[in-house]
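Grab a pencil and work through these exercises with the model open beside you. Each one sets a task and then walks through a solution.

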Amino acid sequence: MKEAVVYLKVDQNVQVVNKKITLGDVADIYAWDHDIVKELDQVILLRVKGDKNEKHVVSALKLIRLIQKQFPGVQVELIGEPDVVVEYQIPGSEKHWLIYAKLVVLSLLVFVGSAFTIMTFNTDVSVGDLFDQMYYLFVGEHKSGGSALELFYSIGIPIGILAFYNHYSTKKVKEDPTPIHIEMRNYEQDMNNAIIADASREGKEIK
């Protein structure tokens, strides 16, 4: 057993739905001996006592100690993050109607905010005056109302936005992460870093 090596892969954030949280719930464990992996997967890391959604910051050192306590002398190779945010969520705690309500409110905020931003930009750069000058340049007379320039400009803006964000259909134009996905992942990473830092400063990190 002294020559046994256990590889431990830890992500920065994991979500669990069981109050009895095991090593296998928060980390990927690999070893040549599959019996070791099966046993370590069932080792209890912590138990959630409350009846609400909770977040706990667990140090990878805690995982290593549990492994070496279960198999003394084993060598543990850590792959991944030094800390993990364990997020316990009560199954079905958030109702479907509440999720849809949040989606509707968020969509309205994004729509109104985007529309306001576009109108502010158009006013700031005087797009209307530019269209008037272009119309006069090509037609030779001043336009009295709307023209094809405004029409195609209005149609082109939403098409360009949808093509850029690649979210206008179930089938993507390309498989690369979209700007929204990237910003969401950046926000999630920043939030996890803040949770880990706060837990470390407040002495709430499980070591």
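**Exercise 1. Decide whether Val10 is buried or exposed, and place it in the fold.**

Step 1: Val10 sits in strand β1, which covers residues 5-10.

Step 2: The relative accessible area of Val10 is 2%. Buried means under 20%, so Val10 counts as buried in this predicted model.

Step 3: Now look across the chain. Ser59 is 49 residues away from Val10 along the chain, and their C-alpha atoms are 9.9 Å apart.

**Exercise 2. Do the same for Ile29, and find how far its C-alpha atom is from that of Leu8.**

Step 1: Ile29 belongs to strand β4, residues 27-31.

Step 2: With a relative accessible area of 12%, Ile29 is buried.

Step 3: Ile29 and Leu8 are 21 residues apart along the chain, yet 4.9 Å separates their C-alpha atoms.

**Exercise 3. Work out whether the chain is spread out or a compact globule.**

Step 1: Start with the inventory, which is seven helices and eight strands.

Step 2: For 207 residues the globule rule gives 17 Å, but the radius of gyration of the chain is 27 Å. That's well over the rule's value, so the chain is more spread out than a compact globule.

Step 3: Check the dimensions too. The C-alpha trace spans about 90 × 35 × 35 Å along its principal axes.

Step 4: As for burial, 24% of the 207 residues count as buried.

**Exercise 4. Describe the aromatic pair of Phe131 and Tyr153, and say which helices it links.**

Step 1: The structure holds three aromatic pairs. In the one made by Phe131 and Tyr153, the ring centres are 5.3 Å apart and the planes make an angle of 75°.

Step 2: Planes over 60 degrees apart count as edge-to-face, so that's the label for Phe131 and Tyr153.

Step 3: Phe131 comes from helix α5 (residues 127-139) and Tyr153 from helix α6 (residues 148-165), so the pair links distant parts of the chain, 22 residues apart.

Step 4: Compare the exposure of the partners. Phe131 is buried at 10% relative accessible area, while Tyr153 is partly exposed at 27%.

Step 5: Elsewhere, Tyr7, Tyr30 and Trp32 form one aromatic cluster.

**Exercise 5. Find the residue with a positive phi in the loop between α4 and α5.**

Step 1: The loop in question follows α4 (96-124) and leads to α5, and Ser126 lies in it.

Step 2: Phi of Ser126 is near 55°, a positive value in a residue other than glycine.

Step 3: Ser126 is partly exposed, at 33% relative accessible area.

**Exercise 6. List the salt bridges and sort their residues by exposure.**

Step 1: Side chains of opposite charge can pair when their charged atoms come close. The cut-off here is 4 Å between the side-chain nitrogen and the carboxyl oxygen, and the count comes to three salt bridges.

Step 2: Lys9 and Asp11 meet at 2.9 Å, N to O. Lys9 is partly exposed at 38% relative accessibility, and Asp11 is partly exposed at 36%.

Step 3: Glu202 and Lys204 meet at 3.3 Å, N to O. Here Glu202 counts as exposed at 52%, and Lys204 is exposed at 57%.

Step 4: Arg185 and Glu188 meet at 3.7 Å, N to O. Both lie in helix α7, three residues apart, about one turn of the helix. Glu188 is partly exposed, with a relative accessible area of 31%.

**Exercise 7. Take the second largest pocket and work out which element gives the most to its lining.**

Step 1: Begin with volume: the second largest pocket holds about 230 Å³ of space.

Step 2: Read off the lining, which is made by Asn13, Gln15, Lys55, Glu87, Met184, Arg185, Tyr187, Glu188, Met191 and Asn192.

Step 3: Assign elements. β2 (13-16) and α7 (179-201) each supply at least two lining residues, and α7 gives the most, with six.

Step 4: Sort the lining by class, and you get three nonpolar, three polar and four charged residues.

Step 5: Tie this back to Exercise 6. Arg185 and Glu188 both line the pocket, and their side chains meet in a salt bridge.

Notes:
Residues are numbered from 1 along each chain as its sequence is written. This is a predicted model: local features need pLDDT of at least 70, side-chain atom pairs count only at pLDDT 80 or more; totals for chains, interfaces and linings use all residues. Side-chain values use heavy atoms; hydrogens and water are left out. On a 1 Å grid over the protein atoms alone, a cavity is a set of points where a 1.4 Å probe fits but cannot get out, and a pocket is an open set with protein on both sides within 12 Å along at least five of seven lines; lining residues have an atom within 4 Å of a point. Grid points are joined across faces, edges and corners, and a volume is the space filled by probe spheres set on the points. Helices (H or I, at least four residues) and strands (E, at least two) are DSSP runs, numbered from the N terminus. Ala, Val, Leu, Ile, Met, Phe, Trp, Tyr, Cys and Pro count as nonpolar, Asp, Glu, Lys and Arg as charged, and the others, Gly among them, as polar. Rings of Phe, Tyr and Trp (its six-membered ring) pair if their centres lie within 6.5 Å; planes under 30 degrees apart count as stacked, over 60 as edge-to-face and the rest as tilted. Buried means under 20% relative accessible area, exposed over 50%, partly exposed in between (1.4 Å probe, protein chains only). The radius of gyration is taken over C-alpha atoms; the globule rule is 2.2 Å times the number of residues to the power 0.38.
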